[in-house]
Amino acid sequence: MSPPTITVRRTSEADWSRVRALRLEMLADTPIAFGETLATAESLGESTWRERARRGENTRGTALVAIDEAAGGRWVGTMGGYLDPAGPMLVGVFVSPAWRGATSGVTDALLQRVEEWARTESDALLLHVHSENSRAIAAYRRRGYVETGRLFPYILNPHQRELEMRKPL
C-alpha cells in the first residue's frame with residue numbers, strides 16, 4: 001500500500017522528459033549504483049529517453065515511478081524489473097534523498113509493486129548491488145534480501161564488484 005500522498009504507476013513514452021530528469025538525479029546522487037555515467041546519460045537524445053520511458057509499457061518487465069502528489073507531483077523514486085535468464089531482476093532503484101527511509105514509505109511502495117510483478121514470473125527476485133553501496137545493501141537486507149555469494153564485475157569498473165542478492169517471493 002502506498003503512503004497517502006504517493007502514487008506509484010508504470011511509466012509511458014509520454015513521460016520521457018521526467019524519466020530523463022529523474023535518471024540524471026539518480027546518477028548525480030549515487031554514481032556507483034548504476035551502470036551508466038551522468039555524462040553518458042546527459043548525452044542521450046530524446047528517442048532514447050522515449051524508449052526508456054516505454055519500459056513501463058512492457059508486459060515482460062516493469063518500470064515504475066513514485067510521485068508525491070503533496071509535493072506538486074514531484075517524481076521521488078523509481079524501480080524497474082526485467083526478465084534475466086536467471087529470473088526476474090530488480091534494477092534502477094532510486095529514491096530521492098528527502099523521501100528515503102521507512103517513514104516515507106516510498107521504497108516499500110515501489111518494491112511491493114516490483115515484487116508483485118516478479119511473482120507472476122518466478123518464486124524469487126534477484127538484484128545486483130555495488131559492494132561499496134552499504135546503504136542500499138542494508139535496505140535490501142531489512143526487506144528480506146540475502147546475498148547469494150555470487151559476485152559480478154561492476155560494468156563501469158571491472159576491478160570493483162557487485163553482489164547478487166535474492167529474496168524468495
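Trainee: Leaving aside its neighbours within four places in sequence, what is Glu162 in contact with?

Mentor: Quite a list. Glu162 is in contact with His128, Val129, His130, Ser131, Arg150, Leu151, Phe152, Pro153 and Tyr154, with neighbours within four places in sequence left aside. Keep in mind that this is a predicted model.

Trainee: Okay. Which strand is Glu162 found in?

Mentor: Glu162 is found in strand E7.

Trainee: And is Glu162 buried or exposed?

Mentor: Glu162 is buried, yet it has no salt bridge. The nearest side chain of opposite charge belongs to Arg161, 9.2 Å away. A salt bridge here needs a side-chain nitrogen of Lys or Arg within 4 Å of a carboxyl oxygen of Asp or Glu, so 9.2 Å doesn't make the cut.

Trainee: Let's zoom out to the sheet. What is the order of its strands?

Mentor: It's an open sheet of 7 strands, in the order E1-E2-E3-E4-E5-E7-E6, and the pairing is mixed.

Trainee: Which strands stand at the edges?

Mentor: Strand E1 (6–10) and strand E6 (146–154). Each has a single partner strand, so one side of each has no neighbour in the sheet. Going from one strand to the next, the twist averages 25 degrees.

Trainee: Back to E7 for a sec. How many bridges join E5 to E7?

Mentor: 7 bridges, and the two strands run antiparallel. E5 covers residues 124–130 and E7 covers residues 157–168. To spot the pairing on screen, look for Leu125, which stands opposite Lys167 in E7.

Trainee: How many bridges do E2 and E3 pair over?

Mentor: 8 bridges, in the antiparallel sense. Thr62 stands opposite Gly81 in E3. E2 and E3 make a hairpin with 5 residues between the strands, and Gly72 in that hairpin takes a positive phi near 70 degrees.

Trainee: And how many residues lie between E3 and E4 in their hairpin?

Mentor: That hairpin has 2 residues between its strands. E3 and E4 pair in the antiparallel sense over 7 bridges, and Tyr82 stands opposite Met89 in E4.

Trainee: Now the helices. Which strands does H1 lie across?

Mentor: Helix H1 (residues 16–29) lies across strand E2 (61–68), strand E3 (74–84) and strand E4 (87–95). H1 runs at about 90 degrees to E3.

Trainee: What about H4, which strands does that helix lie across?

Mentor: Helix H4 (residues 106–119) lies across E1, E2, E3, E4, E5 and E7. H4 runs at about 25 degrees to E3.

Trainee: Switching to charges. How many salt bridges are there in the whole structure?

Mentor: The search finds 13. Let's walk through a few, starting with Glu36.

Trainee: Sure. Where is the place of Glu36?

Mentor: Glu36 is in the loop between H1 and helix H2 (38–43). Not counting residues up to four places away in sequence, Glu36 touches Arg23, Leu27, Ala41, Leu44, Arg52 and Leu156.

Trainee: Which side chain does Glu36 meet in a salt bridge?

Mentor: The side chain of Arg23, at 2.8 Å from N to O. Arg23 is in helix H1 and Glu36 in the loop between H1 and H2, so the pair ties together parts that are 13 residues apart in sequence.

Trainee: Why does Glu36 count as buried?

Mentor: Because its relative accessible area is 8%, and buried means under 20%. Arg23 counts as buried too, at 16% relative accessibility.

Trainee: Next one! What does Arg100 form a salt bridge with?

Mentor: With Asp29, and the closest N and O atoms are 2.4 Å apart. Arg100 lies in the loop between E4 and H4 while Asp29 lies in helix H1, so this pair ties together parts 71 residues apart in sequence. Arg100 counts as partly exposed at 25% relative accessibility, and Asp29 counts as partly exposed at 32%.

Trainee: One more pair. Which side chain meets Glu121 in a salt bridge?

Mentor: That's Arg60, at 3.2 Å from N to O. Glu121 sits in the loop between H4 and E5, and Arg60 in the loop between helix H3 (46–53) and E2, so parts 61 residues apart in sequence are tied together. Glu121 is partly exposed, with a relative accessible area of 28%, and Arg60 counts as partly exposed at 49%.

Trainee: Which residues do salt bridges that share partners join into one network?

Mentor: Glu13, Glu46, Arg50 and Arg54.

Definitions and conventions. Residues are numbered from 1 along each chain as its sequence is written. This is a predicted model: local features need pLDDT of at least 70, side-chain atom pairs count only at pLDDT 80 or more; totals for chains, interfaces and linings use all residues. Side-chain values use heavy atoms; hydrogens and water are left out. Two strands pair if DSSP finds at least two bridges between them. Helices (H or I, at least four residues) and strands (E, at least two) are DSSP runs, numbered from the N terminus. Axes are lines fitted to C-alpha atoms, for helices over the stretch in contact, and angles run from 0 to 180 degrees between N-to-C directions. Contact means heavy atoms within 4.5 Å. Buried means under 20% relative accessible area, exposed over 50%, partly exposed in between (1.4 Å probe, protein chains only). Lys and Arg count as positive and Asp and Glu as negative; His and the chain ends are not counted.
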